[in-house]
Amino acid sequence: MNRDEILSDLRMIMEDVFDCTDFDLSEQTTAAEIEAWDSLSHIRLVVAIERHFQIKFSSMDFRYWNKVGDIVTSVVEKGTKAG
Amino acid sequence: MLFYSPSFLWFFLGVYALFHMVPGRWRWMVLLAASLLFYMFDSPFMVLIPLVLILTAWFGASLIARERKPGLKKMVFFLGAGIILGVLVFYKYLYVILLSCSHLCSALNLQSQGSGTEPFPWLQELMIPLGLSYITFQSLAYLIEVYRGTNPALPHLGYFATFLLFFPKIFAGPVERAHLFIPQLAAVYQFDYQRSTQGIRRFCWGFFKKTVVSAQLLPLTDAFFNHPEDFSGIYLMAAAFLFLLQLYADFSGYTDMAIGLAQLFGLKLTENFRLPYRATTTTELWRRWHISLSTWFFEYVFNPLALSARKLGKWAVVLSVFVTFLLLGLWHGANLTFIVFGLLQAVFLSIEFLSQKIRRRLARRLPPLLTKVTGFLYVTVFFSVSLVFFRAASFEDAMAMLQRMFYGIPASFNDLIGLEPVSHYEGDRYNVLLIVFFIVLMIFGDEFFNHDNRIKDFLARPLIFRWMVYCFFLVLIAWFGVFGTEAFIYFRF
């Protein structure tokens, strides 16, 4: 999967987790820009991403997540390792 | 030394003058010396405790950064974190822990030091170093960041000591991050007129909130909270709401002063409040109230806990919320009232989390205004009631007040209509109306300071208009300000 496809899947996951569709999503988007994305729903998002892409993040991965692009990078890295 | 005492004014003017007179590379030394002096003014020998914490965190982080073996890194980290937390536990919690153990032993009929007499009197009389909780949390965060490898160890011990002891924030925060604060200290300082006037405006605004709004509310809330048996339900409900406003005026006033003072030295501190009265859920409230502390807890307690337990799904979040807010409550002190305060937040945050989807769907069907008003009322009532535990001297007092609060509503409605004078309160009904006026002013002022455009519009107005506004507030402070020895509420934490 390339970065655009992962981003598109992330949007779908977020719509389901946050139960809203009215947000813009790009690699530069941060949690602060999406109203429903708070610390509590973040955990559900992580679980949903892991389930969707069938990957497992390590605690090191989360530390460098500052924007959506960082999540995409983590998924790319995990996917590469898995594949 | 309180920010609104005359001695602070002279102290500050001296430091400010010296800061601008010395060469740039010595400025941090002026701030460090001033901060040490500021601390020693209230407790000369207690300054040794923050110094121990500074040395522990700085040397610990330097060793962690230098060490290559993961096992040794881990050992140094746990040793450093253990010393920092050990100091906090010793001063803040050890007495209560030992007392509880002693009571437990007595209850189990085991031989105990505390049977018959009050145990550990020396520990009970131990004075907690000022700002201890804030210093420990900032040094702990630094150690964690270096251990995780997310930020490097800082080479300059002087900058690090200035960061932890910086006098505007030492006693009640905001809880700053070393890696955001220290680069500002190291940067070249240049006097900036706009920034300096902004700092003065912000300091004066905090001054108004503390000396007028909070200080005028204090005798009124004291009257209710110290004699709840003399009041009926609706008054006590009003008292809980008034205490919420008093705490906000007091703590956000202190933060405004700290931020304003730091701006005068070219330093930017973290915002601690973002219009919390706009919150429509408890979750949102904690993103707007005491932000630097809640962010600390979410980053270093909630996130690691919830992420490591994420197999449990949504229950991982609920469990982590309870642990986080139990600790957040305990952070305020080893008292059952603070534990209940924290747990109440956890209960409501969990309910909100579990009902997120239903609430969002329901909100889509209702008019937005109705959703907002309902949310505002819910947050206000819930947070005010939970603050009864925060304010009460004991759990029994809090429960007595709550029982009375919900018992006498119908009987007291006539009292409210009649605007009976409040017993144990020296002011009359006009004082109460004045307080309402001050509260409205405070809310308008906070809205103003939270919008850069409004500040720009104001600054674009004629000089005479701006000075009329400044003079209006100066007259209010001079006329209604209370400059007693009452410290900021959060100084005791």
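**Exercise 1.** Is B:Arg202 buried or exposed, and at what relative accessibility?

*Solution.* The model is predicted: local features need pLDDT of at least 70, side-chain atom pairs count only at pLDDT 80 or more, and totals for chains, interfaces and linings use all residues. Residues are numbered from 1 along each chain as its sequence is written, chains are lettered from A and ligands numbered from 1 in the order in which they are written, and side-chain values use heavy atoms, with hydrogens and water left out.

Step 1. Take the cut-offs: buried is under 20% relative accessible area, exposed is over 50%, and partly exposed is in between (1.4 Å probe, protein chains only).

Step 2. B:Arg202 has 12% relative accessibility, so B:Arg202 counts as buried.

**Exercise 2.** Find the salt-bridge partners of B:Arg202 and place them in the chain.

*Solution.* Step 1. A salt bridge is a side-chain nitrogen of Lys or Arg within 4 Å of a carboxyl oxygen of Asp or Glu. Helices (H or I, at least four residues) and strands (E, at least two) are DSSP runs, numbered from the N terminus.

Step 2. One partner is B:Asp256, with N and O 2.8 Å apart. This pair links distant parts of the chain, 54 residues apart: B:Arg202 is in helix α9 (residues 193–226) and B:Asp256 in helix α10 (residues 233–264) of chain B. B:Asp256 is buried, as is B:Arg202.

Step 3. Another partner is B:Glu271, whose closest N–O distance to B:Arg202 is 2.8 Å. Because B:Glu271 lies in the loop between α10 and α11 (282–288) of chain B and B:Arg202 in helix α9, the pair ties together parts 69 residues apart in sequence. B:Glu271 has 29% relative accessibility and therefore counts as partly exposed.

**Exercise 3.** Which residues of helices α9 and α10 of chain B does the pair B:Lys210 and B:Asp250 link, and how far apart are they in sequence?

*Solution.* Step 1. The side chains of B:Lys210 and B:Asp250 form a salt bridge at 2.6 Å, N to O.

Step 2. B:Lys210 belongs to helix α9 and B:Asp250 to helix α10, and the two residues are 40 residues apart.

Step 3. B:Lys210 is buried at a relative accessible area of 5%, and B:Asp250 is buried at 2%.

Step 4. Salt bridges with shared partners join B:Arg202, B:Lys209, B:Asp256, B:Glu271 and B:Asp446 into one network. Over all chains the count is 19 salt bridges.

**Exercise 4.** Describe the surroundings of B:Glu145, a buried residue without a salt bridge.

*Solution.* Step 1. B:Glu145 sits in helix α6 (residues 132–148) of chain B.

Step 2. The nearest side chain of opposite charge is that of B:Arg148, 4.1 Å away. For charge, Lys and Arg count as positive and Asp and Glu as negative, while His and the chain ends are not counted.

Step 3. The side chain of B:Glu145 makes a polar contact of 2.9 Å with that of B:Asn151. A polar contact is a pair of N or O atoms within 3.5 Å; within protein, one must be able to donate a hydrogen and the other to accept it, and residues adjacent in sequence count only if both atoms are side-chain atoms.

Step 4. Apart from neighbours within four places in sequence, B:Glu145 is in contact (heavy atoms within 4.5 Å) with B:Thr150, B:Asn151, B:His179, B:Glu299 and B:Tyr300.

**Exercise 5.** How many residues does each of chain A and chain B give to their contact?

*Solution.* Step 1. Chain A gives 22 residues and chain B gives 20.

Step 2. The buried area is about 1,900 Å², with 58% from carbon and sulfur atoms; buried area is the accessible area (1.4 Å probe) that two parts lose on being put together, summed over both.

Step 3. A:Asp19, A:Leu40 and A:Ile43 lose the most area in chain A, together 37% of what that side buries.

Step 4. Five salt bridges cross the interface of chain A and chain B. A:Glu50 forms a salt bridge with B:Arg310, with the closest N and O atoms 2.5 Å apart. The interface also has seven residue pairs in polar contact, both residues at pLDDT 80 or more.

Step 5. In chain A, α1 (3–18), α2 (39–53) and α3 (59–63) each supply at least two residues of the side that touches chain B. Of that side, α2(A) gives the most, with eight residues.
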